[in-house]
Amino acid sequence: MVGCTGYPRYARDASITPKESVPMRGGLTTDEFIRLGMVMRKYLGKPYRGTSQYHDGLDCSLFTGQVFREFNKTRLPRTAAEQYAEGREIPRRRLSYGDLVFFRTERRHISHVGIYVGQNEFIHVSTSNGVIISNLSETYWADRYAGARRILE
């Protein structure tokens with residue numbers, strides 16, 4: 001997750017191999033991708049605490065907002081639904097490290113966001129486990145996937 005998570009050359013599980021090669025985006029260096037990974041990594045295990053600003057914890061959109069603000073001072077809107085309107089829409093097959101991934105966990109509206117970290121995985125805030133890494137192919141997430149947005153260009 002720290003930037004050195006290239007796709008395995010000889011994977012036993014073909015489902016984790018990308019369908020197409022995605023080059024590094026213009027303007028971002030390898031060092032910057034590593035730094036983004038280090039910012040995300042420091043949040044692993046931090047607890048979920050709802051949306052109040054008066055406690056030591058995070059919800060999903062506060063997490064993504066803090067990561068991007070700390071990484072390069074990018075300010076994201078407060079809610080997952082508002083963040084879904086930011087950046088450029090990205091097809092799932094073109095996901096790249098650092099893209100925001102969105103889900104409909106509460107009926108029809110966008111209600112959850114995480115950050116794609118490669119190999120079909122994303123880092124996000126779980127209400128039960130805090131900041132964790134999950135796989136987009138897990139049934140729960142696959143059934144609720146709503147789209148992705150590229151913030152870093």
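Is A80 buried or exposed? In this predicted model, A80 counts as buried because its relative accessibility is 6%, and buried means under 20% relative accessible area. The residue belongs to helix α3, and, once its neighbours within four places in sequence are set aside, A80 is in contact with C60, S61, F102, I110, S111, H112 and V113. A further distance places A80 relative to another part of the chain: its C-alpha atom is separated by 9.6 Å from that of H109, although the two residues are 29 residues apart in sequence.

**The largest pocket**

The largest pocket has a volume of about 410 Å³. It is lined by 23 residues, of which C60, T105, S111, H112 and T127 are the closest to its centre; C60, S111 and H112 also appear among the contacts of A80. By residue type, the lining of this pocket divides into 11 polar, nine nonpolar and three charged residues. Several elements supply at least two lining residues each, namely the helices α2 (60-72), α3 (80-83) and α4 (139-144) together with the strands β4 (121-126) and β5 (130-135), and β4 gives the most, with three residues.

**Aromatic pairs**

A search of the whole structure finds eight aromatic pairs, two of which are set out here.

| Pair | Distance between ring centres | Angle between planes | Geometry |
|---|---|---|---|
| Y43 and F63 | 5.5 Å | 80° | edge-to-face |
| F103 and Y145 | 5.9 Å | 80° | edge-to-face |

Both pairs count as edge-to-face because their planes, at 80°, are over 60 degrees apart. The pair of Y43 and F63 links distant parts of the chain, with Y43 in the loop between α1 (30-41) and α2, and F63 in helix α2, 20 residues apart. Y43 is buried, with a relative accessible area of 8%, and F63 is likewise buried, at 0%.

The pair of F103 and Y145 also joins distant parts of the chain, since F103 lies in strand β2 (residues 100-103) and Y145 in strand β6 (residues 145-150), 42 residues apart. F103 is buried, with a relative accessible area of 0%, while Y145, at 18%, is buried as well. These two residues belong to a cluster in which ring pairs link F103, F122, Y140, W141 and Y145.

**Charges over rings**

The ring of Y145 has a further partner, for the charged end of R92 sits over it, 4.6 Å from the ring centre. Elsewhere, R149 lies over the face of Y84, at 5.9 Å from the centre of that ring.

Methods
Residues numbered from 1 in each chain as written. Predicted model: local features only at pLDDT ≥ 70, side-chain atom pairs only at ≥ 80, totals over all residues. Heavy atoms only, no water. 1 Å grid on protein atoms, 1.4 Å probe; cavity = no way out; pocket = protein on both sides within 12 Å on 5 of 7 lines; lining within 4 Å. Points joined across faces, edges and corners; volume = space filled by probe spheres on them. Helix = DSSP H or I, 4+ residues; strand = E, 2+ residues; numbered from the N terminus. Nonpolar A, V, L, I, M, F, W, Y, C, P; charged D, E, K, R; others polar. Buried < 20%, exposed > 50% of the residue type's maximum accessible area, 1.4 Å probe, protein only. Contact = heavy atoms within 4.5 Å. Phe/Tyr/Trp six-rings, centres within 6.5 Å; stacked < 30°, edge-to-face > 60°. Lys NZ or Arg CZ within 6 Å of the ring centre and 35° of its normal.
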